[in-house]
Amino acid sequence: MSEYRSTRLFSPAVPRWVEAVLQWPTFGVMLRLCLASAYLIGGIDKAMDFPGAVAEQAHFGLQPAVLWAVLAIAVELIGALLLILNRWVWLAAGALGVLTLVAMLVANDFWHLSGQARFMAKNAFFEHLGLIAGLACAARIAVLERKVLA
C-alpha cells in the first residue's frame with residue numbers, strides 16, 4: 001500500500017499524460033465495461049435463447065442443466081452489472097472468476113485432447129485464466145481505490 005502514499009500515484013518513470021489517462025474516472029468505467037462485456041453479452045444471449053443455454057450446459061455434462069443455465073445467466077448479468085457500476089467488485093469478480101474457472105475446466109480440457117483440438121482448447125484455457133487474473137486485478141484496484149479515498 002505504500003505505493004499509494006506518494007503525491008503521484010505512479011512511478012516518476014510513467015509519463016504524466018499516461019498517469020492522467022489512467023486516473024481519468026471515465027477510463028475506469030470503460031475498462032470495467034470492456035472486462036464485463038463478454039459476460040454481459042453471454043448472459044443476454046443465454047437469457048434470450050434459454051433452451052440453447054440449457055442445451056449448452058447439458059452438452060458439457062452439467063446437470064441439472066436448467067439449474068446451471070439459470071446460475072450462469074444470473075452470475076453473468078448480475079456480476080457484469082456490479083463490475084461496470086463499481087459496486088461490490090470483489091463479489092462480482094469472485095463470482096465471474098469462479099464461473100470462468102468452471103467453464104474453462106469443463107469446456108477447455110486440453111489435457112484430454114490431441115492435435116489441433118488440443119492446441120485450440122489449451123489456448124482458450126489460458127485466455128480464460130488471463131480473464132480471471134483481470135477480474136482479480138479489478139477487485140484489487142477497487143479495494144485500493146477505496147483505501148486511498150478513505
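1. Let's start with W88. At 57% relative accessibility this tryptophan counts as exposed (over 50% relative accessible area is exposed, under 20% is buried and anything in between is partly exposed, with a 1.4 Å probe and protein chains only). W88 sits in the loop that links α4 (65-85) to α5 (89-107); helices here are DSSP runs of H or I with at least four residues, strands are runs of E with at least two, and both are numbered from the N terminus. Its phi is near 45 degrees, a positive value in a residue other than glycine.

2. A word on what you are looking at. This is a predicted model, in which local features need pLDDT of at least 70 and side-chain atom pairs count only at pLDDT 80 or more, while totals for chains, interfaces and linings use all residues. Residues are numbered from 1 along each chain as its sequence is written, and side-chain values use heavy atoms, with hydrogens and water left out.

3. W88 also belongs to the surface story. Together with W90 and L91, W88 makes a nonpolar surface patch of about 400 Å². Patches are built from residues with over 30% relative accessible area and no salt bridge, joining like charges within 9 Å and nonpolar side chains (Val, Leu, Ile, Met, Phe, Trp, Tyr) within 5 Å. Areas come from the Shrake-Rupley method with a 1.4 Å probe, and for residues only the protein chains shown count as cover.

4. Please check the backbone in the loop between α4 and α5, where N86 is also found. N86 has a positive phi of about 60 degrees although it is not a glycine. Unlike the exposed W88, N86 counts as buried, at 14% relative accessibility. Most residues other than glycine have a negative phi, and most peptide bonds are trans.

5. That brings us to P64, in the loop between α3 and α4. The peptide bond from Q63 to P64 is cis, with omega near -5 degrees. I would look at this bond in the model alongside the two positive phi values, at N86 and at W88.

6. Now the salt bridges (a side-chain nitrogen of Lys or Arg within 4 Å of a carboxyl oxygen of Asp or Glu). How many does a search of the whole structure find? It finds two. In one of them, E56 pairs with K46, the closest N and O atoms being 3.9 Å apart. E56 lies in helix α3 and K46 in helix α2, so this pair ties together parts that are ten residues apart in sequence. E56 is partly exposed, with a relative accessible area of 33%, whereas K46 counts as buried at 15%.

7. E76 and K46 meet through their side chains in a salt bridge as well, at 3.3 Å from N to O. Because E76 lies in helix α4 and K46 in helix α2, the pair ties together parts that are 30 residues apart in sequence. Both E76 and K46 are buried. Through shared partners, the salt bridges join K46, E56 and E76 into one network.

8. Q57 deserves a look too. Q57 lies in helix α3 (residues 50-59) and is buried, with a relative accessible area of 8%. Leaving aside residues up to four places away in sequence, Q57 touches K46, L62, A65, W68, A69 and A72; a contact means heavy atoms within 4.5 Å. K46, then, is a contact of Q57 and a member of the salt-bridge network.

9. In helix α2 (residues 25-48) you will find C34. Is C34 buried or exposed? At 57% relative accessibility, C34 counts as exposed. C34 and H59 are 25 residues apart in sequence, and their C-alpha atoms are 28 Å apart in space.

10. Finally, the chain as a whole. It has six helices and zero strands, and its C-alpha trace spans about 55 × 35 × 25 Å along the principal axes. Of its 150 residues, 29% count as buried. Among contacts with a separation of 6 or more, 54% come from residues 24 or more positions apart. The chain exposes about 9,700 Å², with carbon and sulfur atoms supplying 72% of it.

11. One last point on charge. The mean positions of the 11 positive and 9 negative charges are 14 Å apart. Lys and Arg count as positive and Asp and Glu as negative, with His and the chain ends not counted; each charge is placed at NZ of Lys, CZ of Arg, CG of Asp or CD of Glu.
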